[in-house]
Amino acid sequence: MVTAFDTERLATILRDAAKAEIMPRFRRLSPGDIREKTSAVDLVTEADEAAERAIAAACRDAFPDAAFVGEEGVAADPGLIERVAQSDLAIVVDPIDGTANFAAGAPMFGVMAAVVRRGETIAGIIYDPLGDDFVLGERGAGAFLQRPDGERHRLSFAAPAPTQEMIGAASTSQLDPEERLRALTGFGQTRILCSYRTAAQEYRLAVSGALHYLYYVKLMPWDHLAGALLSEEAGGYVRRLDGSPYRPGDVTGGLMVAPDADGWQALSRLIGRS
């Protein structure tokens, strides 16, 4: 273990906020509780905002020296995103990842948090409010599933496989039509291509060995820092789409995760990236 940060305490904060602010609103939102941010598929709800307020307040008490960067806070003040890479210690939170699913009453969403110390992600947590369990890990210490009773077991990324046997998830809505067609045509050569519309659950599936690859175009820290660290700790290979390492300050360049470097390169060739 390479960090003295209290990851368990942060996990408890996420769980408490979900129980108090998210689950009581699940499938109980009124139309006025749901608003568009940038498009009809980019939503925010009263649950997102209430949960982020609760998490931020608890983090201020528990970790007074940490900068807090939440998705909804950055929506209101875009300059806050600079704190992710520039702070000595930052906690980066997505109060509900998969808000469109949550707003539709679909049981596929999660609460995500990453801890960044001086420009390096040192811990990641993905909490499933419906299952009441965590996928969590710290740099150099592995990735684990932690059940409600506290029992843990180590997670492993899927073993390498030929591309035609790979199962994966890709988010392509941010691509222009020509690039989207190229990506979907390429990934169509794998065995199964899907999208759960929530990085939280897609990363959970990947680090549990159920998916061979993940592909994302939009690169916001609250969506990917936790999952990228957990993927690496589970044995996966994580790179931006140009092949460079993914860093907390990166907000462009996309991201792809695979079982190993060879698999990553093979997928990149399929979609015309290399």
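Modeller: Helices are DSSP runs of H or I with at least four residues, strands are DSSP runs of E with at least two, and both are numbered from the N terminus. The model is predicted, so local features need pLDDT of at least 70 and side-chain atom pairs 80 or more, while totals for chains, interfaces and linings use all residues. Residues count from 1 along each chain as its sequence is written, and side-chain values use heavy atoms, leaving out hydrogens and water.

Biologist: What phi does Gly 209 take, just after α7?

Modeller: Helix α7 covers residues 199-207. Just past α7, Gly 209 has a positive phi, of about 90°.

Biologist: Which residue in β12 stands opposite Ala 169?

Modeller: Strands β10 (residues 167-170) and β12 (residues 213-216) run parallel, joined by three bridges; pairing takes at least two DSSP bridges. Opposite Ala 169 in β12 you'll find Leu 214.

Biologist: And which helix does the chain cross through from β10 to β11?

Modeller: Three bridges also join β10 to β11 (residues 192-194), again in parallel, with Gly 168 opposite Leu 193. The β-α-β crossover is right-handed (clockwise from first strand over the helix to the second, strands pointing away from the viewer). Its helix, residues 177-187, is α6.

Biologist: How many of α7's residues are buried?

Modeller: Buried means under 20% relative accessible area, with a 1.4 Å probe and protein chains only. Ala 199, Tyr 203 and Val 207 are among the buried ones, and those three meet residues of α8, including His 224 and Leu 230 (heavy atoms within 4.5 Å). Of the nine residues in α7, the buried ones number eight.

How values were computed: Axes are lines fitted to C-alpha atoms, for helices over the stretch in contact, and angles run from 0 to 180 degrees between N-to-C directions. Buried means under 20% relative accessible area, exposed over 50%, partly exposed in between (1.4 Å probe, protein chains only).
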